[in-house]
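Work through these exercises with the sequence and the model side by side. Try each task before you read its solution.

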Amino acid sequence: FVYQCVTTAGTDFNFIGLPLETGWTKARDFDPSGTNIEAVTRWETPLQKVQTAVYSPVFGWCKDIPVQTGQSYCINAKNNFNFTVTGDSVSVVYNLMTTSGTDINQIVHPITKANLTTSAMLGNNIGTANCSAISKWNAAAQTMTTSAYAVVQWLNSFNITTGQPLFINMKTNYTWPVLKSIDAQTCTDVSDPKTKGSVAGARIVFYHLTEESGREL
């Protein structure tokens with residue numbers, strides 16, 4: 001995943017995500033030498049406030065903060081550069097929550113939900129009984145774009161992509177995505193038992209797989 005980070009005439013805020021298991025544990029891992037990043041900020045959902053690590057040309061990374069797979073972070077860019085994330089794909093589950101404040105949760109649009117391509121589709125998947133608004137950051141304009149659910153529809157729905165950092169406003173506590181349970185039905189061997197090739201008894205085994213809903217894979 002490549003996040004195009006830009007400097008602006010304003011605050012130089014850019015949001016990046018960790019949709020993959022990278023092995024990074026601290027903000028300093030994003031840019032150890034502080035070449036492109038001046039600060040990294042994380043959102044603490046339970047407290048509804050931010051925590052920031054800052055790079056000093058003299059002291060290096062000060063007040064370093066922990067980072068984890070599946071979370072998004074705000075960085076202050078020193079230069080225009082591509083922030084690249086490589087690693088292993090993993091299933092990420094978010095414990096989205098309401099708080100005594102603004103109920104904002106930060107996520108990274110997960111790989112397992114790549115079929116959700118608009119904020120309205122995402123909001124419906126989380127559930128309109130659980131989610132009231134979805135926002136994204138526009139780095140070029142240094143502004144937030146928000147889609148909110150009103151009465152029977154999502155207003156100002158926008159396109160989203162896998163790995164994109166997003167802000168979710170919650171109305172109830174909800175765990176998402178809900179992982180599918182394993183179907184109890186076993187696979188059936190429907191292969192042709194005829195031998196082929198020089199290895200005696202060799203054969204190809206085919207499996208017919210379906211989702212729990214019955215849709216064929």
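**Exercise 1: Strands β1 and β8**

Val2 has Thr84 as its bridge partner in β8. This is a predicted model.

Task: Find which side chains of β1 are buried, and how many bridges join β1 to β8.

Solution.
- Step 1. Take the pairing. Strand β1 covers residues 2-5 and runs antiparallel to β8, with four bridges between them.
- Step 2. Add a second pair. Gln4 has Asn82 as its bridge partner in β8.
- Step 3. Sort the side chains of β1. Tyr3 and Cys5 point to one face and are buried. Val2 and Gln4 point to the other face and are not buried.
- Step 4. Do the same for β8, residues 81-84. Phe81 and Phe83 make up its covered face. Asn82 and Thr84 make up the uncovered one.

**Exercise 2: The sheet that holds β2**

Task: Give the strand order of the open sheet with β2 in it, and name the edge strands.

Solution.
- Step 1. Write the order. Five strands form this open sheet as β2-β7-β4-β5-β6, and the pairing is antiparallel.
- Step 2. Look for strands that pair on one side only. These edge strands are β2 (13-17) and β6 (60-62).
- Step 3. Add the twist. From one strand to the next, it averages 25°.
- Step 4. Check one end. Strand β7, residues 72-77, runs antiparallel to β2, and five bridges join them. Ile16 finds its bridge partner in Tyr73 of β7.
- Step 5. Check the other end. Strand β5, residues 49-56, pairs with β6 in the antiparallel sense over three bridges. Tyr55 stands opposite Trp61 in β6.

Task: Is β2 largely enclosed or not? Explain why.

Solution.
- Step 1. Count the buried residues. In β2 they are four of five.
- Step 2. Conclude. Strand β2 is largely enclosed by the rest of the structure, because four of its five residues are buried.

**Exercise 3: The sheet that holds β12**

Task: Give the order of the open sheet with β12 in it, and explain why β11 and β14 are left with a side that has no neighbour.

Solution.
- Step 1. Write the order. The five strands run β11-β15-β12-β13-β14, with antiparallel pairing.
- Step 2. Go to the edges. β11 and β14 each have a single partner strand, so one side of each lacks a neighbour in the sheet.
- Step 3. Add the angle. Neighbouring strands of this sheet are turned by 25° against each other on average, direction ignored.
- Step 4. Take one pair. Strands β12 (residues 131-138) and β13 (residues 143-150) share six bridges and pair in the antiparallel sense. Thr143 in β13 is the bridge partner of Asn138.

**Exercise 4: Backbone angles**

Task: Which loops hold Asp103 and Asn156, and what is the phi of each?

Solution.
- Step 1. Place Asp103. It is found in the loop between β10 (94-96) and β11 (104-108).
- Step 2. Read its phi. For Asp103 the value is near 65°, positive in a residue other than glycine.
- Step 3. Test burial against the 20% cut-off. Asp103 has 17% relative accessibility, so it counts as buried.
- Step 4. Place Asn156. Its loop lies between β14 (153-155) and β15 (165-170).
- Step 5. Read its phi. Asn156 is not a glycine, yet its phi is positive, about 60°.

Task: Which residues are joined by a cis peptide bond?

Solution.
- Step 1. Check omega. It is about -5° for the bond between Trp176 and Pro177, which is cis.
- Step 2. Place the proline. Pro177 is found in the segment after β16 (174-176).

**Exercise 5: Ala120**

Task: Is Ala120 buried or exposed, and which residues does it touch?

Solution.
- Step 1. Place it. Ala120 is in helix α1, residues 119-126.
- Step 2. Read the accessible area. At a relative value of 16%, Ala120 is buried.
- Step 3. List contacts, leaving out residues up to four places away in sequence. Ala120 touches Trp154 and Ser157.
- Step 4. Compare sequence and space. Ala120 and Asn159 are 39 residues apart in sequence, and their C-alpha atoms are 8.8 Å apart.

**Exercise 6: The cavity**

Task: What volume does the largest cavity have, and which residues line it?

Solution.
- Step 1. Search the whole structure. One cavity of 30 Å³ or more turns up.
- Step 2. Read the volume. The largest cavity holds about 40 Å³ of space.
- Step 3. List the lining. It consists of Pro19, Val90, Val92, Tyr94, Val108, Pro110 and Ile111.
- Step 4. Sort by class. The lining has seven nonpolar residues, no polar and no charged ones.

How values were computed
Residues numbered from 1 in each chain as written. Predicted model: local features only at pLDDT ≥ 70, side-chain atom pairs only at ≥ 80, totals over all residues. Heavy atoms only, no water. 1 Å grid on protein atoms, 1.4 Å probe; cavity = no way out; pocket = protein on both sides within 12 Å on 5 of 7 lines; lining within 4 Å. Points joined across faces, edges and corners; volume = space filled by probe spheres on them. Nonpolar A, V, L, I, M, F, W, Y, C, P; charged D, E, K, R; others polar. Pairing = 2+ DSSP bridges. Helix = DSSP H or I, 4+ residues; strand = E, 2+ residues; numbered from the N terminus. Axes fitted to C-alpha atoms, helices over the stretch in contact; angles between N-to-C directions. Buried < 20%, exposed > 50% of the residue type's maximum accessible area, 1.4 Å probe, protein only. Contact = heavy atoms within 4.5 Å.
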